[in-house]
Amino acid sequence: MDVDHYNVLGLPSGEEGANLTQKEITKAYREKARDLHPDKRKDDPNAHENFIKLKSSYEILVDEKARKLFDDLLRVKREQQRRFAQQDSKRRKMMSDLEDRERASFASDPAMKAKEEEVRIARKLKEEIARIRAMQANKGASMGTGSGQEKVGREGNSGDGGHAGVDKERVLKVSWEKIGEGYTAEKLRELFSRFGEVEDIVVNSSKKKGSALVVMATKHAVDAATGSVSGNLDNPLLVVPLKPSVAEFPAPKKEEQSDRLSNLVGAGYQAFEDAVLNKLTKAAEKQQK
């Protein structure tokens, strides 16, 4: 362990640091962040690196699981230092001889145990730091995706029929159950790119269901992908066009629509089929008038 994250934030370490509240940690971080911000230290070549180190230490200390592991690691080190500080040279020699005999007879070695525990906790702490960084990266990606989703919503509601925004007939609506690892934007792009160029993907997940809008480059790609992309067998996709085209089929028969939609897979198919058939029928009736 090379970094004491409490000291990085200007906080006391050890048992006193372990008793600090999250509010106290956050307050100390903000004060340090104002002082170490690169904008205030333009002449310091290490300003950016120091600020990143400060932020990383703060993220570890405000994460309950990572902080507990870090406190455990500090505790093990304190116990080692306290044990060696209490031993004089003669006792250390006696302990060293005793430990040699214990190792020779395959007995447990307290120092070795302490070292192994330190390595184990350090490894777990490293894993927690990696998890926190991955979580922050996913959070940043979700914020970027959210802004894209807001943009699509504005374009879809524009009053000029969508000419200035996204053509809804080139958009597929995809949904799936939240089972297993689910589907990411990269995974969806890989699946749909087999049917044509994918211009954009907006993923929106809830606790029970996942959904996405997939913008294809052409309407032909939308027709090719509809009913063809099934995803994983243990968690299939429901793929439907956001705006089914009825211009080429003035009076579609219910049987023809059922045949086409029967290829769709995924949870909630029957309810969606009825809704789509109802919309297509009304659109056809309006066109005939």
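**View A. Helix α8 against the sheet of the predicted model.** In this predicted model, helix α8 (residues 185-192) lies across β1 (171-177), β2, β3 and β6, and runs at about 135° to β2. The axes behind such angles are lines fitted to C-alpha atoms, for helices over the stretch in contact, with angles running from 0 to 180 degrees between N-to-C directions, and contact stands for heavy atoms within 4.5 Å. Helices (H or I, at least four residues) and strands (E, at least two) are DSSP runs numbered from the N terminus.

**View B. The open sheet and its edges.** The 4 strands of this open sheet follow the order β2-β3-β1-β6 with antiparallel pairing, where two strands pair if DSSP finds at least two bridges between them. The edge strands, each pairing on one side only, are β2 (198-205) and β6 (238-241), and the twist from one strand to the next averages 20°. Between β2 and β3 (residues 209-216), which run antiparallel, there are 7 bridges; in one of the pairs, V202 has L213 of β3 as its bridge partner.

**View C. The largest nonpolar core.** This core, a set of buried Ala, Val, Leu, Ile, Met, Phe, Trp, Tyr and Cys residues joined through side-chain atoms within 4.5 Å, has 25 residues, and those with the most contacts inside it are Y6, L9, L11, I25, L54 and L125. Two or more residues each come from α1 (5-8), α3 (22-36), α4 (47-62), α5 (64-85) and α7 (110-156), with α5 giving the most, 6 residues. Leaving aside neighbours within four places in sequence, I25 is in contact with L9, L11, L20, Y58, L61, V62 and R67. Another core, of 19 residues, lies apart from it and includes V214, M216, V222 and V239.

**View D. The loop around G227.** G227 is placed in the loop between α9 (219-225) and β4 (231-232). Its relative accessible area is 25%, so G227 counts as partly exposed, a class between buried (under 20%) and exposed (over 50%), with a 1.4 Å probe and protein chains only. From G227 to P241 the C-alpha to C-alpha distance is 9.9 Å, at 14 residues apart in sequence.

**Notes to all views.** Residues are numbered from 1 along each chain as its sequence is written. Local features need pLDDT of at least 70 and side-chain atom pairs count only at pLDDT 80 or more, while totals for chains, interfaces and linings use all residues, and side-chain values use heavy atoms, with hydrogens and water left out.
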